[in-house]
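User: I would like to learn how to read the features of a protein model, one at a time. Please give the general idea in each case and then apply it to the structure shown here.

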Amino acid sequence: MHTGDTAKLLVQGVTKSYRDGRRTLDVLRPIDFTVNNGEFVTMIGPSGCGKSTLFNIIAGVDEPSAGQITLDGELGTIRAGKSGYMPQQPLLLPWRTVEENVMLGLDVRHVPRKQALAQAHELLKRFGLAEFARSYPATLSGGMRQRVALLRTVSFNASFLLLDEPFGALDALTRISLHMWLLDLWQSLHASVLFITHDVREAILLSDRIYVLSARPAQIVRIVEVDLPRPRRQEHLALEQSIKLEQELIALLMKEQAL
Ligand SMILES: Nc1ncnc2c1ncn2[C@@H]1O[C@H](COP(=O)(O)OP(=O)(O)O)[C@@H](O)[C@H]1O
Ligand SMILES: [Mg+2]
């Protein structure tokens, strides 16, 4: 549903510290932010600042040291299954075909095999990968593998996607085609997306809102509402307002990186 005014995710006062013997590593200072239903929200911040840690906490893989996370209006500690989480290094299972990899989220939810296969096929067809259904991951290009990993993420949960630098390792042209592919996926599934990148242009092109994180321990240092038309097109990056925003965000991140 594209309601737009209700929160999909509410993060309030979340902090994280890791203890290593007698030393404590502070990774997240109190973090507050919202992802509304149907929004595309991006976190951008210097490497090592705590972005993946924050995602692990939201996905329920890790626990915060303090603070609250509300998903779909439900406050709770059981968050597994309430998001589709694509970690920074998504591993496709090499012994499974593309369709069997995409089925994984359905397998985990004990959807009967026949039905799971049909659903996986539907996804593959809808998003242009039907011809690769029986291929093995090793035979695919890097861009294709990321598409398969994204559809597998959707099979875990299609309404809320947590995507941790999904395009970080791809070449520039492949990235451009995946940006458009992801925006199409997001719009046609009416999903809410929380996205991590350290690429400023990617953040501007994709997002409704950008949260800029400081160096570790991370805190939000800037909130930007991206006022560009939808559907987005590559050319929107050439608009004066985009170029200005790009320069501003780069300056902010350079300052953080230097600290
Ligand atoms: N399980 C853990 N135990 C101890 N330190 C961790 C753990 N996970 C992450 N860290 C530390 O937290 C910091 C932030 O890591 P991470 O969230 O991966 O950063 P980012 O994704 O922004 O690059 C790093 O210094 C990392 O070494
Ligand atoms: Mg990371």
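Analyst: This is a predicted model. A suitable place to begin is an open sheet of 4 strands, which has the order β2-β1-β4-β5 with antiparallel pairing.

User: Which strands stand at the edges of this sheet, and what is left without a neighbour?

Analyst: Strands of a sheet pair through backbone hydrogen bonds, in either a parallel or an antiparallel sense. Here β2 (23–36) and β5 (74–75) stand at the edges; each has a single partner strand, so one side of each is left without a neighbour in the sheet. The pairing of β1 (residues 7–20) with β2 is antiparallel and runs over 10 bridges. Within it, Tyr 18 stands opposite Leu 25 in β2.

User: How many helices and strands are there in the protein chain, and what span does the C-alpha trace have along its principal axes?

Analyst: The protein chain contains 8 helices and 10 strands. Its C-alpha trace spans about 50 × 45 × 35 Å along the principal axes. A compact globule of 259 residues would have a radius of gyration near 18 Å, and the protein chain agrees because its value is 18 Å. Of the 259 residues, 37% are buried. Among contacts in the protein chain with a separation of 6 or more, 72% join residues 24 or more positions apart.

User: How should I read a helix, and on which side of α6 do its buried leucines lie?

Analyst: An α-helix has 3.6 residues a turn, so residues three or four places apart point the same way. Helix α6 (residues 172–189) has 18 residues and reaches 26 Å from its first C-alpha to its last, close to the 26 Å expected at 1.5 Å a residue. Leu 178, Leu 182 and Leu 185 are buried in α6. They cover an arc of only 60° around the axis, which puts them on the same side of α6. On the other side of α6, Ala 172, Leu 173 and Ser 188 are exposed. The buried residues of α6 pack against α5 (142–156). After α6 comes His 190, whose phi is positive, near 50°.

User: Which residues surround ligand 1, and which element supplies the largest share of the shell?

Analyst: Ligand 1 is surrounded by Tyr 18, Leu 25, Val 27, Gly 45, Ser 47, Gly 48, Cys 49, Gly 50, Lys 51, Ser 52, Thr 53 and Arg 216. Both β2 and α1 (51–59) supply at least two residues each, and the largest share, 3 residues, comes from α1. The Tyr 18 and Leu 25 of this shell are the residues that stand opposite one another in the pairing with β2.

User: Are Leu 54 and Val 212 buried or exposed, and with which residues are they in contact?

Analyst: A residue counts as buried if 20 or more other C-beta atoms lie within 10 Å of its own. Leu 54, in helix α1, is buried because 27 other C-beta atoms lie within 10 Å. Leaving aside neighbours within four places in sequence, Leu 54 is in contact with Leu 28 and Ile 31. Leu 54 and Val 14 are 40 residues apart in sequence, and their C-alpha atoms are 8.7 Å apart in space.

Val 212 has its place in strand β9 (residues 209–213) and is buried, with 22 other C-beta atoms within 10 Å. Beyond neighbours within four places in sequence, the contacts of Val 212 include Ile 44, Gly 45, Ile 220 and Leu 249. The C-alpha atoms of Val 212 and Leu 253 are separated by 8.0 Å, although these residues are 41 residues apart along the chain.

User: Where are the cis peptide bonds before Pro 217 and Pro 231, and what is the phi of Asp 72 and of Glu 165?

Analyst: Most residues other than glycine have a negative phi, and most peptide bonds are trans. A cis peptide bond joins Arg 216 and Pro 217, with omega about -5°; Pro 217 is in the loop between β9 and β10 (220–225). The bond from Arg 230 to Pro 231 is also cis, with omega near -5°, and Pro 231 lies in the loop between β10 and α8 (240–258).

Asp 72 has a positive phi near 50° and is found in the loop between β4 (66–71) and β5. With 14 other C-beta atoms within 10 Å, Asp 72 is partly exposed. Glu 165 has a positive phi of about 45° and lies in the loop between β7 (160–164) and α6. Glu 165 is buried, with 20 other C-beta atoms within 10 Å.

Notes:
Residues numbered from 1 in each chain as written. Chains lettered and ligands numbered in written order. Predicted model: local features only at pLDDT ≥ 70, side-chain atom pairs only at ≥ 80, totals over all residues. Rg over C-alpha atoms; globule rule 2.2 N^0.38 Å. Buried ≥ 20, exposed ≤ 12 C-beta atoms within 10 Å, placed from the backbone. Contact = placed C-beta atoms within 7 Å. Pairing = 2+ DSSP bridges. Expected span 1.5 Å × (residues − 1). Arc of directions from axis to C-beta. Near = placed C-beta within 6 Å.
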